[in-house]
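The following paragraphs lead a new reader through a structure, one region at a time. Please keep the sequence and the model in view while reading.

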Amino acid sequence: MNQQPTTNKFALIGAAGYVAPRHLEAIHATGNVLLAAYDKSDSVGVMDRYFPQADFFVEFERFDRHLDKLRREGMPVDYVSVCSPNYLHDAHIRFALRQGADAICEKPLVLNPWNVDALQEICRETGREVYNILQLRLHPSVIALKERVQNSPKGHKFDVDLTYLTSRGHWYYTSWKGDEEKSGGIATNIGVHFFDMLQWIFGDVQESKVHVHTHDRAAGYLELAQARVRWFLSINYDTIPEAIKATGARTYRSLTIGGEEFEFSGGFEDLHTLSYEAILAGEGFPLEAARPAIEVVHAIRHQQALGLQGDYHPLAKLPLVRHPFTRE
């Protein structure tokens, strides 16, 4: 007799968030069920596409009580997917573990390295696990690049330029994303997955410098075990090259290695589902896997910007602008 696949029971925190649909799709595509979801915003119509029968709560206390009731009735959730704002990840992971569930959390897993240590203690206490969504590690082109680097001559260092420009309007500064204490700032909010990818491919950080760090951009230099990386991140539309603007695009992503463009613009559609498949197979990225990138962005957030000195990214020279909410 063929053994039937197990249907896992999920709950989701942050159902109205930008990334929540990818998690809903992944839960659905892997043949599992969402029992309950929570968000303080009720703009969650996307749930109808995947789990119209799931219970939904706009008050965390009622969500907590509902999961506890399910547990007492013999229907505990197996996983809690965390898609809430960055600064709440730590608390919501703790909640999941204490519910007796494993946590699946978006990046950044937490904002500070010591939060990882504390979560490790709770994992030991509860016997549960925390998995981070590090989907770039599952991208076929990224995997191929890692193999290329591993097969390169010993001691060789690649010259890498990372550029990621993703336009955001004034709403960004009103939301939690514009509050560094809540989002971790530019490098954390839009760059943490790239810093994870770079370390996964090229090895540990040996040196880190920050050249520019303002409300709408950050630039710096990383010396990795096998690479010298100049990086530039921005949410300002005006930093996008004119040729890219002419196409109507509001986002520009570039990774050059030795002056050659590394192409990985496609192939992102199913990476969250692949992440869930790996987690459900016991092969997900555990808590400790998230630490290197968290350490990097935490250091960037607290480093003094050096200005334009040393080996800096060419776009770091772009003129700085005032915060849009600054009064004359």
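Why is there no bond between the sulfur of Cys83 and the closest cysteine sulfur? The model is a predicted one, and in it the closest cysteine sulfur to that of Cys83 belongs to Cys105, at 7.9 Å, which is too far for a bond. A disulfide is a covalent bond between the sulfur atoms of two cysteines, and the cut-off applied here is a sulfur pair within 2.5 Å. Cys123 gives a similar picture: its closest cysteine sulfur is again in Cys105, and the 12 Å between the two sulfurs is too far for a bond. By this rule the count of disulfides comes to zero. Cys83 is nevertheless buried, with a relative accessible area of 8%, and Cys123 also counts as buried, at 11% relative accessibility.

The interior may be considered next. In soluble globular proteins, nonpolar side chains tend to be buried together. Here the largest nonpolar core has 37 residues, and those with the most contacts inside it are Val160, Phe195, Met197, Leu198 and Phe202. Helix α10, which spans residues 192-202, supplies the largest share of this core, namely seven residues. Apart from this core lies another, made up of 29 residues, including Ala11, Leu70, Leu119 and Val130. Within the largest core, Met197 merits a closer look: when residues up to four places away in sequence are not counted, Met197 touches Leu136, Val142, Leu255 and Phe264.

One of these partners, Val142, leads to helix α6. This helix covers residues 140-150, and its buried residues are Val142, Leu145, Lys146 and Val149. They lie on the same side of α6, because they cover an arc of only 100° around the axis. What do the buried residues of α6 pack against? Their partners are β7 (158-166), α10 and β11 (251-257).

Another point of interest is the peptide bond between Lys107 and Pro108, which is cis, with omega at about -5°. Pro108 is placed in the loop that runs between β5 (102-105) and α5 (113-126). From Pro108 the reader may turn to Thr188, a residue of helix α9 (residues 186-189). Leaving aside neighbours within four places in sequence, Thr188 is in contact with Pro108, Leu111, Ser183, Val297 and Arg301. Is Thr188 buried or exposed? Its relative accessibility is 1%, and Thr188 therefore counts as buried, since the cut-off for buried is under 20%. The side chain of Thr188 also reaches the backbone oxygen of Gly184, at 3.1 Å.

The last stop is the segment before β1 (9-13), where Thr6 is placed. Thr6 is exposed, with a relative accessible area of 62%. From C-alpha to C-alpha, Thr6 and Leu233 are 42 Å apart in space, and 227 residues separate them in sequence. Thr7 is found in the segment before β1 as well, and at 46% relative accessibility Thr7 counts as partly exposed. Which residues does Thr7 touch, not counting those up to four places away in sequence? They are Gly31, Asn32, Val33 and Asp78. Ser234, by contrast, is 41 Å from Thr7 in space, C-alpha to C-alpha, and 227 residues away in sequence.

Key: Residues numbered from 1 in each chain as written. Predicted model: local features only at pLDDT ≥ 70, side-chain atom pairs only at ≥ 80, totals over all residues. Heavy atoms only, no water. Core = buried A, V, L, I, M, F, W, Y, C linked by side-chain atoms within 4.5 Å. Buried < 20%, exposed > 50% of the residue type's maximum accessible area, 1.4 Å probe, protein only. Helix = DSSP H or I, 4+ residues; strand = E, 2+ residues; numbered from the N terminus. Contact = heavy atoms within 4.5 Å. Polar contact = N/O pair within 3.5 Å; in protein donor to acceptor, adjacent residues only side chain to side chain. Arc of directions from axis to C-beta.
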